[in-house]
Amino acid sequence: MAITTTAPTIDENGISAPTYAEVFEYLQDRYRGIYGPDTYLEADSQDGQLLAVFASSINDANATAVAIYRSFSPATAQGDALASNVKINGIAKKAASFSTADLLIVGQAGVTISNGIAKDANNNQWTLPATVVIPPGGAITVTATCTALGAITAADGTINQIGTPTRGWQTVSNPDAAAVGAPVESDAALRQRQTVSTALPSLTVLDGIIGAVSNVPGVTRRRAYENDSATTDANGLPPHSISLIVEGGDSTDIANAIARKKTPGSPTYGTTAIVVQDVYGRPITIRFYRPSSAALTVAISLKSLAGYTTATGNAIKQAVSDYINGVDIGGGVSGSVEWADAITAANGVGGGTTFKLTALTLTGPGGAGTPDVALAFNQVASCTPADVVLTVT
C-alpha cells in the first residue's frame with residue numbers, strides 16, 4: 001500500500017506508523033521522481049543502500065514516537081513509564097521481596113522478645129518484629145521475615161527452632177507454609193494490580209477491601225468471598241460475613257487494610273486472627289485465611305518424534321508445573337486445576353512438534369483427578385518439575 005507520509009498518524013483509532021518496507025518504497029518513489037523512473041535502487045546499489053539507511057532511521061524514530069504515545073496509558077506502558085503511571089492510583093512497583101511466615105509464639109505471659117530470630121529445618125533465619133510481647137493467653141501470632149532475599153520456602157511446621165533463646169519463650173512453629181518471596185514485580189503483574197487498585201475508592205465495600213489488601217507490600221495473591229445470606233454457605237463461611245484468603249504480606253498490615261475498609265458490624269472470618277485498633281483506638285479482631293497448599297503430582301506419557309531431547313522433556317515438566325503454580329487461589333472461576341490447561345501447557349513446548357502427548361493424569365491430595373483436581377476455596381496448588389513424571393516411548 002502506497003503511503004503519503006513517513007510520519008506517524010494519530011486519529012480516533014490511536015497512533016499508527018508506516019512499516020519499514022512502506023517507508024523504503026516511499027523514498028524510492030520520491031527518488032525516482034527526481035532522477036527518473038529508470039533509476040536503479042536495488043539492494044546492491046549504493047543509492048539503494050543509502051535509502052535503506054534513511055528508511056531505517058525514520059522507522060526507528062517512528063517506533064520511538066509510538067512507544068512514547070503508548071507510555072501514557074497503564075495498559076500499554078512499559079518499565080519506568082508504567083511505574084510512573086501507576087502512582088496516579090497511589091501504588092508503586094513492588095521491589096524484590098523476602099519470604100514471610102506467620103509464626104505461633106508460645107511462652108509465659110508478659111515476656112518481651114526483642115529482635116527475636118527463629119530457624120527452620122534448613123537453618124534459614126526468620127526475624128520476628130523488633131518487639132513481641134506475649135499476651136495473657138500465652139500465645140501470639142506474628143509475621144516473621146526471612147533474612148535471605150528471594151523465594152525461600154518453608155513447609156508448615158518446619159520453622160520450629162528458637163534462634164535467640166529468651167527466658168519465658170517456650171516454642172515457635174509455623175502453622176502454614178511460608179509465603180515465598182518474589183522478584184521485582186513484572187509489568188504484567190503491575191498492570192493487573194493497577195486495574196484492581198482503582199477499586200480503592202469504590203462504592204462497593206468488598207471491592208475496596210480487595211484493592212486495599214492488594215496494595216499491601218508483599219501480597220502476591222488474594223481472593224475474597226462474601227456470604228450475604230442468613231445461613232452458612234458451602235465454604236463454611238458464617239452468615240453475613242466476609243472472608244479473604246491472602247498470600248504473602250505482613251499479617252498486621254493486611255488486618256489494618258481490612259479494618260480501614262470494612263463496614264461497622266460486618267464480621268470477618270478465617271483461621272488467622274489479628275488484633276488491631278480501629279479509627280477510634282479500640283481493639284478489633286480481624287480474621288482472614290492464609291492459603292493452604294495442595295501438592296499435585298503429574299504423570300505424562302508421550303511418544304518422542306524427530307528432534308526430541310532430554311531438554312524438551314525438562315521444558316515440558318517446567319511448563320506444566322508453572323501452570324499449576326499459577327492457578328488462582330481456590331482454582332479461580334472453575335475451582336480446580338484443569339486437565340485441559342495442563343495439556344495445553346505441555347503441548348506449548350516447542351509447538352509440540354517433537355513429541356506426541358498420549359496421556360496426562362493430575363493427582364492431588366484426594367487422589368487422581370477426574371480429570372480435573374478440585375481445590376478448596378482457600379487452597380493453592382503447588383507442583384515442582386520433580387513432581388512431573390514423564391514416560392517416553
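**Exercise 1.** Is Glu247 buried or exposed?

*Solution.* The model is predicted, and the classification is computed from it. The cut-off for buried is under 20% relative accessible area. Glu247 has 16% relative accessibility, so Glu247 counts as buried.

**Exercise 2.** Find the salt-bridge partner of Glu247 and state which elements the pair connects.

*Solution.* Step one: Glu247 forms a salt bridge with Arg221, and the closest N and O atoms are 3.0 Å apart. Step two: Glu247 belongs to strand E12 (residues 241-247) and Arg221 to strand E11 (residues 221-227), so the salt bridge ties together parts that are 26 residues apart in sequence. Step three: Arg221 has a relative accessible area of 18% and is therefore buried, as is Glu247 at 16%.

**Exercise 3.** How many salt bridges does the structure hold? Describe the one formed by Lys93 and the one formed by Arg282.

*Solution.* The structure holds 4 salt bridges. Among them, Lys93 and Asp187 meet through their side chains at 3.0 Å, N to O. This pair links distant parts of the chain, 94 residues apart: Lys93 is in the loop between helix H3 (79-85) and E3, whereas Asp187 is in helix H4 (residues 187-197). Lys93 is partly exposed, with 29% relative accessible area.

Another salt bridge joins the side chains of Arg282 and Asp278, at 3.1 Å from N to O. Arg282 has a relative accessible area of 48% and Asp278 one of 23%. Both values fall between the cut-offs of 20% and 50%, so Arg282 is partly exposed and Asp278 is partly exposed.

**Exercise 4.** Which strands pair with E8, and in which sense?

*Solution.* Strand E8 covers residues 139-149 and pairs with strand E3 (residues 98-107) in the antiparallel sense over 8 bridges. Within E8, Thr143 stands opposite Asp102. Strand E6 (residues 125-127) also pairs with E8, again in the antiparallel sense, over 2 bridges. Here Thr127 is placed opposite Thr145 in E8.

**Exercise 5.** Which strands stand at the edges of the sheet that contains E18 and E16?

*Solution.* The sheet is open, has 4 strands in the order E19-E18-E16-E22, and shows mixed pairing. Strand E19 (367-368) and strand E22 (388-392) stand at the edges; each has a single partner strand, so one side of each lacks a neighbour in the sheet. For E19, the pairing with strand E18 (residues 355-364) is antiparallel, over 2 bridges, with Gly364 opposite Gly367 in E19.

**Exercise 6.** Locate Thr268 and find what its side chain reaches.

*Solution.* Thr268 sits in the loop between helix H6 (251-261) and strand E13 (272-277). Thr268 is buried, because its relative accessibility is 9%. Its side chain reaches the backbone nitrogen of Arg287 at 2.9 Å.

**Exercise 7.** Which residues form a nonpolar patch on the surface together with Phe54?

*Solution.* The patch consists of Leu50, Val53 and Phe54, which together have about 270 Å² of accessible area. Phe54 is in helix H2 (residues 46-70). With a relative accessible area of 42%, Phe54 is partly exposed.

**Exercise 8.** How many disulfides does the structure hold? Give the accessibility of Cys146 and Cys383.

*Solution.* The number of disulfides is 0. Cys146 has 2% relative accessibility and counts as buried. Cys383, at 4%, also counts as buried.

Definitions and conventions:
Residues are numbered from 1 along each chain as its sequence is written. This is a predicted model: local features need pLDDT of at least 70, side-chain atom pairs count only at pLDDT 80 or more; totals for chains, interfaces and linings use all residues. Side-chain values use heavy atoms; hydrogens and water are left out. A disulfide is a pair of cysteine sulfur atoms within 2.5 Å. Buried means under 20% relative accessible area, exposed over 50%, partly exposed in between (1.4 Å probe, protein chains only). Two strands pair if DSSP finds at least two bridges between them. Patches are made of residues with over 30% relative accessible area and no salt bridge: like charges are joined within 9 Å, nonpolar side chains (Val, Leu, Ile, Met, Phe, Trp, Tyr) within 5 Å. Accessible areas come from the Shrake-Rupley method with a 1.4 Å probe; for residues, only the protein chains shown count as cover. A polar contact is a pair of N or O atoms within 3.5 Å; within protein, one must be able to donate a hydrogen and the other to accept it, and residues adjacent in sequence count only if both atoms are side-chain atoms.
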